[in-house]
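Here is a short tour of one protein model, taken region by region. Please keep the viewer open as you read.

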Amino acid sequence: MKLKVNERVFSGRALSMALGAVLAALLVFCLAAPAWAVRGSASALAAQIWAGPQVLMISSYHPGFPTFFHQIEGVESLLAPAGVDLDVEYMDSKRFNLPEDISAFRDMLAEKLSRLPRYDLVITADDNALRFALDNRALFPHTPVVFFGVNDLSLAHAAGDDDNVTGVIEAVSMEETLRTAFTLQPELRTMYALVDGTISGGADLLTYLSKRAVFPGRNLAVLSLTDLTWAELAERLGKLGPTEALLLLSAYRDSTGATVSFEEGLRRILNSSRVPVYDLWEHGLDRGVIGGKIISHFEQGRRAARMALDILGGTPVVDLPVVEGNEANRYIFDYNVLSRFNIAPSSLPEGSRVLNRPTSLWRTHRLELSLGLGVLVVLAVLIFLLLAYVTRLRRARIGLRQSDERLQMSLEATSDGLWDWSLDAEKVYFSPGYYAMLGYEADAFPPSYESWSGLLHPDERERVVSEVSEHMRSGEEFRIEFRMRNKDGGWTWILARGKTIAWTRAGRPERMVGTHTDITDRKRFEERLVRAKEAAESANRVKDEFIANISHEVRTPLNGVMGMLQLLQTSTLNADQRDFVDTALHSSRNLLRVLNDLLDFSKIQAGKLDIREAPFDLVGLVEESLDFFKLQAGGKDLVMKADIDPSARKHYLGDDGRIRQILFNLVGNAVKFTAEGAITVEACELWHPKPGRKRLLFTVRDTGIGIAEKDLSRIFAPFSQVDGSLTRTYQGTGLGLPIVSKLVRLMGGNCEVESEPGKGTIIRFTLSVAEIAEIDEKNEAESGLGDVRPLHLLLVEDERVNRIMARRLLERMGHTVSEAENGRDCLARLRDNTFDAVLMDVQMPFLNGLDATRAIRTAPELSHVSTIPIIGLSAHAAGHDRARALEAGMDEYLIKPFEKSDLQRALNKMEDSPR
């Protein structure tokens, strides 16, 4: 007798054997149940009988490091039950991180790997282990890598770009923890962040302060051990009331330098406080803190282990994206502390883990009860299967017939076209939807490979056939877009998906299946988007050119105005006249700042503003920013102060021009909006996760009019001002702070504002800079504004006022000046005269400055002056204008209007660095 189920045939003898095997397995299960009550024995037995997948875990540290036990517990909580064999290697890089240490570890590991079977997967814990794995992929080529505990975002994202690497990024859940606290305690009005002066504490404090805008109705305050002793902190904590709570960021060292361990610091805080203490890290749990959304090293390890099991189960690594931000963090709370403050566990966020919850019979004897229940369920299922067996046989054919009918209806109803290609038999199936999307009735043309290829667009036929053939051989799923001719003679855009699903014994493709989707509408929409994008880019270019032209046309006469005013400054004037000249010159410089702001804002909007890093003097930069506004500050009797933290170096590598622009805007605003008191610029150095780089924290404080809380959210909006009325007291374009915000972000930092009307404003911003060896200050000083020997100069300028102004300035500096009105005149004078340097305007009639410079450098008849220093003078202020001038052969480039000091500095540079 033979029984037939879903077209698979089993003999009666085979069925009897299968049932007997099920009964035997059940008997073994029942007899072995008492032994399985001993934890770990089952997995140990399985490990002895079957060898599971082999996984190597590389830990950045050593077994005694605080986070290791939580990490390994999380990993083994999933791998051990799954029968995975886990080996662990320790880099111990917290104590031994020299290159020779890493090399020794690599050699040791390479020796081990050469003697062991190949591992199926590698897990790395923390940054150093991931970096080692990426740098030494040759040790385990083509082996999937899963990382966790990594907080270096650039390293994690770089690793995620590798199709065989994925993992979990570690980040604090500041906003989620604060939101949970305000939810659990509706009466909570003030949250105090408890922090000390450590670098990590300072960085977390910046993140905390940035959340004030997220919780406008709550007070996010700070208790800092940099200002308090432990005793003073205890006194402050004792005064906290029911509408207040604490968020523990860092508490190791007080204002006197007294340092305690984390456990001792937490004990002091809990002994002094009568309010809940929230935390962000796992090591504060079960010690008296209430909890929060926690960075759980156990959960990080467990999440990584889950990804590892998915990969070992056949999931491609590329289908498991890197877990971003705080997705691996978990809400964890202490039941005892919740009870102390009358907070019900039912009000916690969904999925929260509660420690110290009272246990039940089920929790205490879960294994034994589970085994007993399992036995009962298996017995019930077996009885049900025996009773239903004959009924299932009777229904098998009915179900098969219904399945065929449903499949046919699905093929007819779907908008996609289905195809099935049997390569050996040269048979092809096209569904009705396949014909319909091309405008044909079903079976209107033969279902064959030739029919398909004949309908392809001639320009795409070779490419499409080649790609299908390649994917056919590789077995990988493919997605190809192409055009097919429809019944009306037009072209229909098709998205084809397909895959080889069967192979011959010789390894040749035997069968492919896939779908066709009509994407014509999508393609038309994409074409419209491209045209709209091109139109927008064209409009943006017109706008940029208009702003650049306006800037050039304003800078040219402004150069004459500022030059003449500077000439007046050097003449004999009475006090009133000098005040008039100084005021006019200051107003001209303010107009120049407006022009520069417009140009910079346009560049930022177009994404064309470049950050150029060069050595700069931090102290000099801050003092220069304050000195620039001393005249305005002196008129108000304002005190201007600089406070540079001793931790900061004197020199760094960064874009000093952009940093100066940020400080000029912020200090200028402080002077504008402060009638009395003081303005202080502070700077200190912070830790940066990337080796060789640091963060600079700048703070600009004033005692001015302040900003209302409702206006804080829009002060960084372009062209926006707090007071936009016609009667406003303070003038401006509304571009300063938006440019500051965008420049800070371009330099890898962030910006925040703290203000109170009537008391003043504090603006903090951070910047990413590079470390640099100290610079020889003697040589640096010698390259400044010293006297230069009298020179014979050729001034080439077509605009009469600018020519007169420049000549007079140069003559006041002690130089002899000859003039030329255009590039052609310049070349004629150079042929017959000797000069020390040329000051060359760029935009001139007949022959412009760039072409004249190229002629000087390359023309045979001018070879005797081909190395003469040339200083470009132009009202074109864009970065590419300067690059074009230097590429043409100019040695220096001054943007009009220029200061006398700029001119003198350029001449000194030419004198010190001859060609």
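## A parallel sheet

Let's begin with an open sheet of 5 strands, arranged in the order S28-S27-S29-S30-S31 with parallel pairing. Strand S28 (816–820) and strand S31 (892–895) stand at its edges with a single partner strand each, so one side of each has no neighbour in the sheet. From one strand to the next, the twist averages 20°. A word on terms: helices (H or I, at least four residues) and strands (E, at least two) are DSSP runs numbered from the N terminus, and two strands pair if DSSP finds at least two bridges between them.

The model is predicted, so local features need pLDDT of at least 70 and side-chain atom pairs count only at pLDDT 80 or more, while totals for chains, interfaces and linings use all residues. Residues are numbered from 1 along each chain as its sequence is written, and side-chain values use heavy atoms, with hydrogens and water left out.

## Strand S30 and its surroundings

Strand S29 (residues 837–841) and strand S30 (residues 870–874) run parallel and are joined by 4 bridges. Val-838 has Ile-870 of S30 as its bridge partner, and Met-840 has Gly-872 of S30.

How many of the residues of S30 are buried? The count is 5 of 5, so S30 is mostly covered (buried means under 20% relative accessible area, exposed over 50%, and partly exposed in between, with a 1.4 Å probe and protein chains only). On one side the buried residues are Ile-870, Gly-872 and Ser-874, and on the other they are Ile-871 and Leu-873. In a regular strand, side chains alternate between the two faces of the sheet.

Helix H27 (residues 849–858) lies across S29 and S30, at about 150° to S29. Axes here are lines fitted to C-alpha atoms, for helices over the stretch in contact, and angles run from 0 to 180 degrees between N-to-C directions. Contact means heavy atoms within 4.5 Å.

## An antiparallel sheet

Another open sheet has 5 strands in the order S16-S15-S19-S18-S17, and here the pairing is antiparallel. Its edge strands, strand S16 (427–430) and strand S17 (478–485), each pair on one side only. The twist averages 25° from one strand to the next.

Strand S15 (residues 417–422) runs antiparallel to S16, and 4 bridges join them. Ser-422 stands opposite Lys-427 in S16. Helix H17 (residues 461–474) lies across S15, S17, strand S18 (491–503) and strand S19 (509–518), running at about 150° to S17.

## Two helices that cross

Now for a helix pair. The axes of helix H20 (residues 618–627) and helix H22 (residues 656–672) come within 9 Å and cross at roughly 40°. H20 and H22 are therefore oblique to each other (angles under 35 degrees count as roughly parallel, over 145 as roughly antiparallel, 65 to 115 as roughly perpendicular and the rest as oblique).

Which residues make the contact? H20 contributes Leu-621, Val-622, Glu-624, Ser-625 and Leu-626, while H22 contributes Asp-656, Ile-659, Arg-660, Leu-663, Phe-664 and Val-667. By class, this contact has 7 nonpolar, 1 polar and 3 charged residues; Ala, Val, Leu, Ile, Met, Phe, Trp, Tyr, Cys and Pro count as nonpolar, Asp, Glu, Lys and Arg as charged, and the others, Gly among them, as polar.

## A loop residue

Finally, have a look at Glu-187, in the loop between helix H7 (174–184) and strand S8 (190–195). Glu-187 is partly exposed, with a relative accessible area of 40%. Not counting residues up to four places away in sequence, Glu-187 touches Pro-242 and Thr-243. The C-alpha atoms of Glu-187 and Glu-244 are separated by 8.4 Å, although these residues are 57 residues apart along the chain.
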